[in-house]
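Here is my note on the model, as numbered points. Please read it with the coordinates open.

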Amino acid sequence: MRKAKRRFKTQDRRDGMPLKARLRPWKHSVLAWATDGLLFAGLLWGSPLVEAAGTNASAPVSMSKAAGSSLVVSQEIARFFLASARAPKPWTNYVGDEACLPCHQDKVITYHQTAHYLASSWPTKDTVRGSFTSGSNVLQTGNTNLLFKLDATEKGFFQTAVETISSSEFTQHTERIDIVFGSGRKGQTFLFWLGDSLYELPVSYWVERGTWMNSPNLQLYPDGTANFTRAITPRCLECHVTSFAWLDPFAGPGSAGIRFSRYTNLVLGITCEKCHGPGRDHIARYRSSSPPISAAAAASAIINPARLPRDRQMDACSLCHAGAGIERSPALSFNVGDVLSNHLELQVPGPDAPVDVHGNQIQGLERSRCFQSSPTMTCLTCHDVHAPHRDLKAFAARCLTCHKVERCGEFRKLGHAIDTQCAVCHMPVQPTDTVQSVTKGERFQPKYCNHQIAIYRDVRLP
Ligand code: HEC
Ligand code: HEC
Ligand code: HEC
Ligand code: HEC
Ligand code: HEC
Ligand code: HEC
Ligand code: HEC
């Protein structure tokens, strides 16, 4: 019991503490992690250059010492140049959503209800979806000696792993929920600061089930373990927050993760300027004594994606809706209007390989005959990103701008009952394979709308 109490206290002094000391009860995973350090750095960055360095780095193990050390030196040099190439992007001329409010009030209000705006947030009673009331704040795992507690106190929201060692002894490890990832439309996972690095917490929340579960990823969070060592990469942040500042452009292998600034430029949620670029000049122009008379791109001094060619419009969404990809430049260097392939190598599955429905809307849509046969179709054909919309009727109306309902083979059988239901059969909601949580033998796979518009013969109307 005394032991447990002492550990509890360390949590308040967490910043100065070395990673190893803080994670002592979870020695095994830390050790495994440290040994994997080099490989891990490769994964973390995912860039071809670093991956090459990562391969070299593991080579000395099987090579002679002399050959090994020269490889290590050249690897250090490569790392130095890589570090200088990864200078943080300056966050200037950005003004924040409140600055748009006076002139675009309707857009700002509805936008702030969307999953984009809520893609990440500070933890509050309203943003954290899971329950902290007794009876629903304990997560039992497949390991009878390990459970998680979820607590809300005046100091914040906490996750604690409690491991029973013997009938009188247990250890526990507590971390605070510092950042919420996920709007709560489908699910949420939680991050904590360790020094200036961010890590994912082992317990997540799934809305469809209405319960806490082990965080998804069966390799990192197998049932019955408590892993506090998964570092959040810059790429995770690029997709889920508006901006952040790097402290370590490149933090070598074995380090406790990339360091980010806790205070400078950390803008949670996806805000207007993530898609429209900096708004300062735009506002200055419309506030000046001679505001632009036309809203033409040059006059308005802001990016309107609708004015971009189709490929650049797709790129604006592909940054986040086509999977993690392989980074060719540091996270945050892509701006809407740029050619995405200069920054990111997207994974395009072969013609017969299945596309997972999670986070791969681009790959799905691009395989559809609708997309291939209509030169103007983009994500914006169906989505207005400025407001939440779930109404199937509105989506069907989009289909009917190009198709006649009578064209559908099911029309003969079902008649006008299908008028509003096109997406149910042609873009069915299906479970993902890439995101899975397993707790006490129960597997959960959230469901997403398949963006490959096609004929799915087994789907029926509910
Ligand atoms: C002082 C008033 C004002 C403010 C503040 C303002 N805008 Fe505008 N904005 C306008 C006007 C006027 C137009 C042109 C008419 C229209 O499209 O509504 C416009 C047009 C736009 C367009 C379309 C431009 C085009 O080329 O078609 C975008 C995008 C836009 N604003 C985004 C923003 C964002 C994002 C913010 C906040 C960072 C913002 N605006 C703040 C007045 C303002
Ligand atoms: C910076 C990354 C990013 C960009 C750029 C981005 N999205 Fe998203 N989008 C997300 C994330 C993350 C979510 C899911 C948030 C959640 O539910 O936790 C999301 C959710 C959505 C949703 C569900 C919205 C809702 O309120 O339920 C739609 C639709 C969508 N995106 C379409 C688009 C389109 C179209 C574009 C291009 C114009 C785009 N996104 C650009 C990251 C992005
Ligand atoms: C996920 C990307 C994304 C975000 C975030 C976003 N927009 Fe847009 N915006 C677009 C796209 C794409 C278009 C062009 C297609 C359209 O009109 O929907 C657009 C068009 C506009 C236009 C011009 C068209 C019109 O209807 O007047 C304005 C103004 C605008 N956005 C303002 C905003 C404001 C204000 C915010 C924040 C509250 C915001 N946008 C957030 C993607 C985004
Ligand atoms: C390539 C951009 C991208 C990266 C990188 C990324 N996400 Fe996401 N994330 C998304 C999108 C897009 C969605 C919405 C999923 C969908 O609708 O298919 C999402 C959804 C989520 C959700 C809500 C649950 C759900 O599936 O809707 C959580 C939680 C989440 N991501 C956590 C993370 C964490 C943790 C990381 C880093 C380890 C990460 N994401 C990396 C784009 C990204
Ligand atoms: C921008 C125009 C456009 C929109 C919007 C559109 N489609 Fe299509 N679609 C096409 C074209 C063009 C084809 C190929 C020629 C054809 O079959 O008419 C096609 C083909 C199809 C096919 C045949 C697919 C196959 O693999 O044989 C189906 C089914 C279909 N569309 C359903 C839909 C549904 C459902 C929606 C709405 C969710 C939709 N389409 C939206 C243009 C569009
Ligand atoms: C033909 C119409 C159509 C097009 C084009 C389209 N979507 Fe969707 N999208 C839908 C429908 C229908 C849904 C399901 C409705 C809902 O629950 O939000 C959906 C849902 C989503 C969601 C919410 C996640 C989910 O699966 O529930 C995201 C994210 C999304 N779309 C992103 C995109 C992106 C990115 C593009 C461009 C590659 C795109 N969509 C193009 C019709 C479309
Ligand atoms: C109950 C499920 C269901 C609904 C709802 C539905 N479809 Fe279909 N659709 C099908 C099936 C199944 C086929 C294939 C029919 C066949 O080939 O026998 C099909 C075929 C089609 C085709 C391809 C026809 C061809 O000859 O290539 C189009 C286009 C289409 N549907 C459009 C739509 C549109 C638009 C809507 C909404 C107004 C819609 N469908 C609603 C199940 C559905």
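**Notes on the predicted model**

1. L332 is buried, with 21 other C-beta atoms within 10 Å. The class is set by counting other C-beta atoms, placed from the backbone, within 10 Å of a residue's own: 20 or more is buried, 12 or fewer is exposed, and in between is partly exposed. L332 lies in the loop between strand 13 (326-327) and strand 14 (344-345). Its phi is positive, about 80 degrees, although L332 is not a glycine.

2. On conventions: this is a predicted model, in which local features need pLDDT of at least 70 and side-chain atom pairs count only at pLDDT 80 or more, while totals for chains, interfaces and linings use all residues. Residues are numbered from 1 along each chain as its sequence is written, and chains are lettered from A and ligands numbered from 1 in the order in which they are written.

3. Overall make-up. The protein has 17 helices and 18 strands. These are DSSP runs numbered from the N terminus: helices are H or I of at least four residues, strands are E of at least two. Of the 462 residues, 31% count as buried. Among contacts with a separation of 6 or more, 58% join residues 24 or more positions apart. A contact here means C-beta atoms, placed from the backbone, within 7 Å.

4. The loop of L332 also holds S341, between strand 13 and strand 14. Is S341 buried or partly exposed? S341 is partly exposed, with 13 other C-beta atoms within 10 Å. Its C-alpha atom is separated by 8.5 Å from that of D315, 26 residues apart along the chain.

5. A second positive phi in a residue other than glycine is at A301, near 55 degrees. A301 sits in the loop between helix 11 (297-300) and helix 12. A301 is partly exposed, with 17 other C-beta atoms within 10 Å.

6. Ligand 2. Which residues come nearest? Of the 21 around ligand 2, they are A115, S183, C317, C320 and C379. A residue counts as near if its C-beta atom, placed from the backbone, lies within 6 Å. Helix 8 (234-240) and helix 12 each supply at least two residues, and helix 12 gives the most, with 5. The shell has 11 nonpolar, 7 polar and 3 charged residues. For these classes, Ala, Val, Leu, Ile, Met, Phe, Trp, Tyr, Cys and Pro are nonpolar, Asp, Glu, Lys and Arg are charged, and the others, Gly among them, are polar.

7. Why does ligand 2 lie between domain 2 (118-268) and domain 3 (375-462)? Because both domains give residues to its shell. The domain bounds come from an automatic or database domain assignment.

8. Ligand 6. Of the 18 residues around ligand 6, H321, C379, C382, Y448 and C449 come nearest. Two or more residues come from each of helix 12 (310-321), helix 13 (361-367), helix 15 (392-399) and strand 18 (447-449). Helix 13 gives the most, with 3 residues. By class, the shell has 11 nonpolar, 5 polar and 2 charged residues.

9. Ligand 7. Of the 20 residues around ligand 7, C408, G409, Q421, C422 and C425 come nearest. Helix 15 and helix 17 (422-426) each supply at least two residues. The largest share, 4 residues, comes from helix 17. The shell divides into 12 nonpolar, 4 polar and 4 charged residues.

10. One open sheet has 4 strands in the order 2-3-4-5, with antiparallel pairing. Strand 2 (138-140) and strand 5 (169-176) stand at the edges, each with a single partner strand, so one side of each is left without a neighbour in the sheet. The twist averages 20 degrees from one strand to the next; axes are lines fitted to C-alpha atoms, for helices over the stretch in contact, and angles run from 0 to 180 degrees between N-to-C directions. Strands pair if DSSP finds at least two bridges between them. Strand 4 (156-166) and strand 5 pair over 8 bridges, with T160 opposite T174 of strand 5 as bridge partner.

11. Strand 7 (187-194) and strand 8 (197-200) run antiparallel, joined by 4 bridges. They form a hairpin with 2 residues between them, and G195 in the turn has a positive phi of about 60 degrees. W193 stands opposite L198 in strand 8. Both faces of strand 8 are covered: S197 and Y199 on one side, L198 and E200 on the other, are all buried.

Definitions and conventions. Contact = placed C-beta atoms within 7 Å.
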